[in-house]
Amino acid sequence: MDFKFPSQNIYGLGDRVHQFKLRPGAYSLWASGQTPSYDDGRGRGGLSGVHPFVMVETLKSRRYIGLFFRNANAMTPVVRWNDDGTSTLSFITIGGQIEVYVIGQGTAHQVVQQYQQMMGLAQLPPYWALGW
């Protein structure tokens with residue numbers, strides 16, 4: 001599944017050790033629980049979770065759209081920068097059903113708020129579960 005974006009400013013794929021702005025490369029998404037290494041787009045570098053959410057800057061300055069990819073299988077988003085200043089995000093999965101949620105244009109704060117409303121906020125564990 002390919003998406004063409006108007007800019008090369010793609011941010012996201014959390015729970016990884018890399019720069020927040022994604023550079024061209026392939027970013028494998030599979031929660032392995034291994035000690036992470038820096039993920040430069042050439043190999044496995046995720047942490048213990050998978051967060052296939054990206055924000056892309058539109059042609060209007062400081063306006064973004066969000067994309068959330070829901071799938072239970074291993075995934076590999078591939079980022080390519082095109083010569084005309086656009087970018088392409090290809091989403092490759094080994095199987096299963098994929099759902100793509102598009103969050104409309106807004107500021108980065110608004111897009112993240114809409115993502116949180118869709119996913120829900122993290123629960124605060126009871127005090128005794130924190131180890132004190």
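**A walk through the strands, cores and charged pairs**

Glu99 forms a salt bridge with Arg70, and their closest N and O atoms are 3.8 Å apart. This pair links distant parts of the chain, since Glu99 sits in strand S8 (residues 99-106) and Arg70 in strand S5, 29 residues apart. Glu99 counts as partly exposed because its relative accessibility is 29%. Arg70 also counts as partly exposed, at 49% relative accessibility. Please keep in mind as you read on that this is a predicted model.

How many salt bridges does the structure hold? There are two. The other pair to look at joins Asp84 to Lys4, with the closest N and O atoms 3.8 Å apart. Asp84 lies in the loop between S6 and S7 while Lys4 belongs to strand S1, so this salt bridge ties together parts that are 80 residues apart in sequence. Both Asp84 and Lys4 are exposed. As a general point, side chains of opposite charge can pair when their charged atoms come close.

Now let us turn to a charged residue without such a partner. Glu57 is found in strand S4, which covers residues 46-57. Glu57 is buried yet has no salt bridge. Which side chain of opposite charge is nearest to Glu57, and how far away is it? That side chain belongs to Arg62, and it is 6.8 Å away. A salt bridge requires a side-chain nitrogen of Lys or Arg within 4 Å of a carboxyl oxygen of Asp or Glu, so the 6.8 Å between Glu57 and Arg62 does not qualify.

Glu57 does have polar partners, though. Its side chain makes a polar contact with the side chain of Asn9, at 2.7 Å. The side chain of Glu57 also reaches the backbone nitrogen of Arg62, at 3.3 Å. With neighbours within four places in sequence left aside, the residues in contact with Glu57 are Pro6, Ser7, Asn9, Tyr11, Arg62, Arg63 and Tyr64.

Arg62 deserves a look of its own. Arg62 lies in the loop between S4 and S5, and it has a positive phi of about 65 degrees although it is not a glycine. Is Arg62 buried or exposed? Arg62 is exposed, because its relative accessible area is 65%. Thr58 lies in the loop between S4 and S5 too, but Thr58 is buried, with a relative accessible area of 13%. Leaving aside neighbours within four places in sequence, Thr58 is in contact with Pro6, Arg63, Tyr64, Ile65 and Gln105.

Next, follow the strands as they line up. An open sheet of four strands runs in the order S1-S7-S6-S3, with antiparallel pairing. Which strands form its edges? They are S1 and strand S3 (25-26), each of which pairs on one side only. S3 meets S6 in the antiparallel sense over two bridges. Gly25 has Val79 of S6 as its bridge partner, and Ala26 stands opposite Val78 in S6.

S6 also runs antiparallel to S7, and seven bridges join these two strands. One of the places to find this pairing is Arg80, whose bridge partner in S7 is Thr88. The hairpin of S6 and S7 has five residues between the strands, and there Gly85 takes a positive phi near 90 degrees.

Finally, step inside. The largest nonpolar core has 15 residues, and those with the most contacts inside it are Phe5, Ile10, Leu22, Val54 and Phe69. Strands S1 (2-5), S2 (10-16), S4, S5 (64-70), S6 (75-81) and S7 (87-93) each give two or more residues to this core. Another core, of eight residues, lies apart from it, and its members include Tyr11, Phe53, Phe68 and Tyr115.

What does Leu22 touch, not counting residues up to four places away in sequence? Its partners are Ile10, Gly12, Leu13, Tyr27, Val54, Val79 and Trp81. Two of these names may be familiar by now: Ile10 and Val54 are listed with Leu22 among the residues with the most contacts inside the largest nonpolar core. Val79 has also come up before, as the bridge partner of Gly25.

Note on methods:
Residues numbered from 1 in each chain as written. Predicted model: local features only at pLDDT ≥ 70, side-chain atom pairs only at ≥ 80, totals over all residues. Heavy atoms only, no water. Buried < 20%, exposed > 50% of the residue type's maximum accessible area, 1.4 Å probe, protein only. Lys, Arg positive; Asp, Glu negative; His and termini not counted. Polar contact = N/O pair within 3.5 Å; in protein donor to acceptor, adjacent residues only side chain to side chain. Contact = heavy atoms within 4.5 Å. Core = buried A, V, L, I, M, F, W, Y, C linked by side-chain atoms within 4.5 Å. Pairing = 2+ DSSP bridges.
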